[in-house]
Amino acid sequence: MHMTGMSEQGWNYAADAGAHVSLAVPIEMHMRHGTPPIQKAIDKGMGLSLSSDVECTMSADMFTQMRGLITLQRMFANAAALEGVADFPDLMQPMDAIRHATIAGAEGLKLGKVTGSLTPGKAADIVLLDAQAINVAPLNNVAGAVVTLMERSNVDTVLVNGQVKKWRGQLVGFDIERLTSELAASRDYIFEQAGIEVDLFGEPG
């Protein structure tokens, strides 16, 4: 997880052992973990998947994770190209980012034969995306639209192991009003016990 601050020897040990790397790119940048080692993992030929890591600090959705991944990788590759580096890294493609967000995570957990792709015999974990929404119109490249344009509002339907969890844009089987109320009560309790005043417009730190 993270793999920031690792020595070259540490990277070599991990690669030789067949270790898998899980990156939480936005959080790693936001919380001073160090620069997400995207290119290092790619160059070492290691499996690479995505994590949100700290859901109460930054959005946990996989669109954010994919966009952070591809944007940062391309930023460094483009910087090298602009500096005249002859062998600058290949630009990550949207389909690569989708793979890192889906099947690569399952493979990293040794669950590649169970989930992670639409394959007969695997668990029916399916996410249907609205490709006709205004934020992706007109659709001209599916993978590109998913990675660079879509966000959570595009998630139309979700099935987990065949059970419907979201249908036509609405969560199924969850009392959202109760959940948000309980979350607010938990926040107030923690702040009270810590002696901190709730200030919704203060500096978050």
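Visitor: At what angle do α4 and α5 pack?
Guide: In this predicted model, the angle between α4 and α5 is about 130 degrees, and their axes are 10 Å apart. Axes are lines fitted to C-alpha atoms, for helices over the stretch in contact, and angles run from 0 to 180 degrees between N-to-C directions. Helices are DSSP runs of H or I with at least four residues, strands are runs of E with at least two, and both are numbered from the N terminus.

Visitor: Which residues of α4 and α5 make the contact?
Guide: From α4 there are Met 62, Met 66, Leu 69 and Ile 70, and from α5 Pro 94, Ala 97, Ile 98, His 100 and Ala 101. Contact means heavy atoms within 4.5 Å.

Visitor: What about Leu 48, what is it in contact with?
Guide: Beyond neighbours within four places in sequence, the contacts of Leu 48 include Val 21, Ile 38, Leu 69 and His 100.

Visitor: New topic. How far apart are the end C-alpha atoms of α8?
Guide: They are 27 Å apart, which agrees with the 27 Å expected for 19 residues at 1.5 Å a residue. The expected span is 1.5 Å times one less than the number of residues.

Visitor: And what follows α8?
Guide: Gly 195 does, with a positive phi near 70 degrees.

Visitor: Any ground rules?
Guide: Residues are numbered from 1 along each chain as its sequence is written, and side-chain values use heavy atoms, without hydrogens and water. Local features need pLDDT of at least 70 and side-chain atom pairs count only at pLDDT 80 or more, while totals for chains, interfaces and linings use all residues.
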